[in-house]
Number of protein chains: 2
Amino acid sequence: MRISELSKRSGVSVATIKFYLREQLLPPGEAVAATQAEYGQAHLRRLRLIRALIGVRGLTVNATRQVLTAVSENEADLHQVLGLVLGVRPVDRDEQPDPEPDTSDADALVTQMGWQITQRSPARKVLTETLQTIRSLGADYDWRSLIPYAELAQQTAVLDLDQLDDTNDPLEQAERAILLTILLEPALLALRRLAQEHESARRYGS
Amino acid sequence: MRISELSKRSGVSVATIKFYLREQLLPPGEAVAATQAEYGQAHLRRLRLIRALIGVRGLTVNATRQVLTAVSENEADLHQVLGLVLGVRPVDRDEQPDPEPDTSDADALVTQMGWQITQRSPARKVLTETLQTIRSLGADYDWRSLIPYAELAQQTAVLDLDQLDDTNDPLEQAERAILLTILLEPALLALRRLAQEHESARRYGS
DNA sequence: ACAATTGGATACTGTCACTATCCAGATTAG
DNA sequence: CTAATCTGGATAGTGACAGTATCCAATTGT
């Protein structure tokens, strides 16, 4: 398969495919001549995954590369892959992470829930920052307010991980981990918004 | 309070405040002379809210303006405010929404759940698109797979709306609606990631 | 009186995800 | 065989977005 066919089958322009090759999101095809390379099904598959992560979930190119390399370098160890995939920062503005970001709210919550989590999970920072922001807006809100949410999150996580046991192929597990952890996120937020709308209609509706 | 004091108290640069004024995210101060205006507590409060929506949640300036005007124009009707806030598109690339976006997956799910939702909720489209993407990546996934998630989302929504009943002031309710629906989103995703990491450690951990 | 600050207009910057153009070599249609 | 097309690779340009920076004349504070 040459680049133009890859483009046709994926619906991604040749220029964009070249861009992904340059950015090392897509591995180069097998060079068959100085100006000719061959691409396979794996490329098509990966290209679709890239489009999903960037287009649907809105990951940056950098974050996407982190996810993809994490998966291809650690296919064997599902727990490791999950850790790496989960460790990808939702927004990675700063290059230098602060040596000691404040995570006190998250720490308290994690302890209370009895969760076993590495200290450097970016989610800790996100959680603490969001809570600080909400408090700075005058609401009376701390980690205790989130405990009911945390319990629902735990049930969600059980649902998620159950679906990884369906298959035994490590590569497929790794890819499914991406789908379930990252790609499902917009859908879960959409579900919450729909449920909120329903609940709002039920309580205050005309 | 003049603009420089507003800047100091909010931590937002004068240039950026001017930008928000230009973009009509922040209402103009009370003009006291040709080159002098007075800002009050409401401005400070709103400025912090703007920063939270743009900085923490990553809304665009346009989406932020939609949320803020929705709130200030419909303070009275909480259900209406919620509808407008929930209707803000997470990403608003296209100006012209397709006349008939495919929402079949979401429709089936909404019906199954017995939810009462307007047809034009953007969440329907997000949901359907995400499912289509996941399927195009080869996974066997449809709206039925989301039912357990939808039930958890419903419980989440109940938690959310319970917290709006704490106060009776419409303005405060509207602002709290923003905090709970929009600003809490990154925190909920962070909670899910933490729970996933814990569950992964529990199942496959060292 | 005079340096500093203000609101407002205009122009500029940096980032990001592409997109377009060129080029020499390779392939294919006639 | 040759002409039109396509290829991978390098380099430069685009458009959207969220700010920044600079100027200006009109106030202020001191």
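**Exercise 1.** In this predicted model, determine how many residues each of chain B and chain A brings to their contact.

*Solution.* Chain B contributes 66 residues to the contact, and chain A likewise contributes 66 residues. On the chain B side, the elements that each supply at least two residues are α3 (41-56), α5 (78-87), α7 (122-136), α8 (147-162), α9 (170-183) and α10 (185-204). Of these elements, α10(B) provides the largest share, 19 residues. Sorting the side of chain B that touches chain A by residue class gives 40 nonpolar, 16 polar and 10 charged residues.

**Exercise 2.** Identify the residues with the most contacts inside the largest nonpolar core, and list the contacts of V85(B) that are not its neighbours within four places in sequence.

*Solution.* The largest nonpolar core comprises 112 residues. Within this core, the most contacts belong to V85(A), A187(A) and L191(A), together with V85(B), A187(B) and L191(B). Next, take V85(B) and set aside its neighbours within four places in sequence: the remaining contacts are V67(B), A70(B), A177(B), I178(B), T181(B) and I182(B).

**Exercise 3.** Characterise the surface near DNA strand D by its nearest residues, its supplying elements and its residue classes.

*Solution.* Begin with the 23 residues around DNA strand D, of which I3(A), S4(A), T35(A), A33(B) and T60(B) come nearest. Then assign elements: at least two residues each come from α1 (3-10), α2 (14-22) and β2 (36-38) of chain A, and from α2 (14-22) and β1 (30-33) of chain B. The largest share, three residues, is that of α2(B). Finally, classification of this surface yields 12 nonpolar, nine polar and two charged residues.

How values were computed
Residues are numbered from 1 along each chain as its sequence is written. Chains are lettered from A and ligands numbered from 1 in the order in which they are written. This is a predicted model: local features need pLDDT of at least 70, side-chain atom pairs count only at pLDDT 80 or more; totals for chains, interfaces and linings use all residues. A residue is near a molecule or strand if its C-beta atom, placed from the backbone, lies within 6 Å of it. Helices (H or I, at least four residues) and strands (E, at least two) are DSSP runs, numbered from the N terminus. Ala, Val, Leu, Ile, Met, Phe, Trp, Tyr, Cys and Pro count as nonpolar, Asp, Glu, Lys and Arg as charged, and the others, Gly among them, as polar. Two residues are in contact if their C-beta atoms, placed from the backbone, lie within 7 Å. A nonpolar core is a set of buried Ala, Val, Leu, Ile, Met, Phe, Trp, Tyr and Cys residues joined through C-beta atoms within 7 Å. A residue is buried if 20 or more other C-beta atoms lie within 10 Å of its own, exposed if 12 or fewer, and partly exposed in between; C-beta atoms are placed from the backbone.
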